[in-house]
Amino acid sequence: MEKSVMLKSVDDDNRTPKGEVAFERPHTRQRSAGRAGVMAIKLFLQAAIALAVLLAAYVGMNRLILAKDPVPVRPARETAFIVETTQLEVRDHAPMLSLYGEVTAARTAELRTLVAGEIVRVNPSLETGSIISSGEELLAVDPFQYEGAVTEARANLVEARAALVEARGRVSTEEGNVERAREQLEFAQRDLERAEQLLGSGSVTERTVDERRLLVSQRGQALEQRRYALDVEKARVDQQQAAIDRLQWRLSQAERNLADTVLKAPFDAVVRSENAAIGRLVGVNDVVATLYERDALEVRFTLSDNQYGRILSDSGTVVGRPVEVLWYIGGQPVTYAGEIRRVGAEVALARGGIDVYASVTVAEGQPALRPGAFVELRLADRTYPDSARIPEGAIYGTDHVFVVDEENRTRRRDVEVLAFDGTHVIVSGDLATGDRLVSTRLDKAGEGLLVSEPRNRGANTGG
């Protein structure tokens, strides 16, 4: 009994203890083999069923795909690039030079007192920066002594004119005396002639003839004396007339000195500086104010040798060329019209070019320019005929651009860059007025690209 139990334990563990002998029953081995066969059959059937399901699903899916209507395929379309275009205008173009200059006063005056004396009046507007109108009184010097000089000169002139009247009266008297003396001489000469005729017939004596000759001599001498006296009186008249002229000049000088006691503005001006006060004693030629003409302003700027040469070769002269002057006030530019009036006498080596002066016109309502202001100028450079002005970004490489034909495809045009004008360039080449230039930069630009323009695009004109 104890031995059977030990054998079952060994069978269950499927191993035999060392040193012991295992004993198996025949019906137990048959039972184990049957179980293994049943398990193998079950696994085979499960695999077959799974394969059959998969095969049925694959066949059904293929039938469904084949039974479905074919999906229409959209044909491929060419991509159109959206670009901006600029309509070209082939004509004469001149790039604008951007220069800088300084405003200067073209006409400045240092006002000096022309007479000495004490200042008795000063214009309240005579202050630095004030605007003075032409002819406006600036100051006045005490006129007392100058009024007295005018009165004295006028009185002397009246006396001299009266003396002239007297001298002319004496001349008239002497002219009458000369005329009478001449008549008396003629009478005496005729009397002498009769006496000489009667002497031949013995009617008169030789003594009578001599007396007549003596009388003619005396009358001739008297005529000469009268003529001399007349010449003296005429000289006195001339002398008196000279005195009158001298006194007239003195009167004019006295009146001018009196007028010069009031100092007036010679033109519409702006006060640059002043040195006048009531009670101040001023001498002749003392500077009391400095003015510059309000409407005579110039801009001095410098052209390089190349710029000056191009403009000079273009029109033959620089004078008379219009300029645009921009003065930035508070960040906003105010534009003034100008014109080149003159060129410097020599080359400004320190500034590397030639000084040029342009007049500036201040329109009504514009801020008044002031000397010393730093301004920008725009001046037309050399003119290039039969050229086009295009954006700099429209140049591909250095020698070609693209235009749009009637089929909205790009076409290459060879060009030559003539000059730069800010963000634009001036070119010449295979271009015509009305061509639509591609101004949008394309990464893959080439011949024959399909392009289109954005809708509601404003008209762009290059020129």
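**Group meeting: a walk through the predicted model**

Let me start with Glu298, which sits in strand S13. Keep in mind that this is a predicted model. Is Glu298 buried or exposed? Its relative accessibility is 9%, and because the cut-off for buried is under 20%, Glu298 counts as buried.

What does the side chain of Glu298 meet there? It makes a polar contact with the side chain of Arg342, at 2.7 Å. Arg342 also appears among the contacts of Glu298 once neighbours within four places in sequence are left aside. The others are Glu102, Val103, Thr104 and Ala106, and then Tyr357, Ala358 and Ser359.

Now the nonpolar interior. The largest nonpolar core has 27 residues. Which of them have the most contacts inside it? They are Val299, Phe301, Leu303, Val325, Ile340 and Leu379. Several elements each supply at least two residues of this core: strand S4 (96–105), strand S13 (297–303), helix H5 (305–315), strand S14 (322–329), strand S15 (332–348), strand S16 (353–361) and strand S17 (374–380).

Take Leu379 as an example from that core. Leaving aside neighbours within four places in sequence, Leu379 touches Pro95, Met96, Leu97 and Leu99. Its contacts also include Phe301, Leu303, Ile311 and Ile340, and the list is completed by Arg321, Pro322 and Val323.

Apart from this core lies another, of 23 residues. Among them are Ala167, Ala181, Leu192 and Ala254.

Next, the surface. Leu55, Tyr58, Val59, Met61 and Ile65 form a nonpolar patch there. Together they have about 500 Å² of accessible area. One of them, Met61, lies in helix H2, which covers residues 26–67. Met61 has 44% relative accessibility, so Met61 counts as partly exposed.

Last, two asparagines in loops. Asn285 is in the loop between strand S11 (281–282) and strand S12 (287–293). Asn285 is not a glycine, yet its phi is positive, at about 75°. With a relative accessible area of 45%, Asn285 is partly exposed.

Where is Asn408? Look in the loop between strand S19 (400–404) and strand S20 (410–421). Asn408 too is a residue other than glycine with a positive phi, here near 60°. Its relative accessibility is 32%, so Asn408 counts as partly exposed.

To recap the starting point: Glu298 is buried, and its side chain is in polar contact with that of Arg342.

Technical notes: Residues are numbered from 1 along each chain as its sequence is written. This is a predicted model: local features need pLDDT of at least 70, side-chain atom pairs count only at pLDDT 80 or more; totals for chains, interfaces and linings use all residues. Side-chain values use heavy atoms; hydrogens and water are left out. Patches are made of residues with over 30% relative accessible area and no salt bridge: like charges are joined within 9 Å, nonpolar side chains (Val, Leu, Ile, Met, Phe, Trp, Tyr) within 5 Å. Accessible areas come from the Shrake-Rupley method with a 1.4 Å probe; for residues, only the protein chains shown count as cover. A salt bridge is a side-chain nitrogen of Lys or Arg within 4 Å of a carboxyl oxygen of Asp or Glu. Helices (H or I, at least four residues) and strands (E, at least two) are DSSP runs, numbered from the N terminus. Buried means under 20% relative accessible area, exposed over 50%, partly exposed in between (1.4 Å probe, protein chains only). A nonpolar core is a set of buried Ala, Val, Leu, Ile, Met, Phe, Trp, Tyr and Cys residues joined through side-chain atoms within 4.5 Å. Contact means heavy atoms within 4.5 Å. A polar contact is a pair of N or O atoms within 3.5 Å; within protein, one must be able to donate a hydrogen and the other to accept it, and residues adjacent in sequence count only if both atoms are side-chain atoms.
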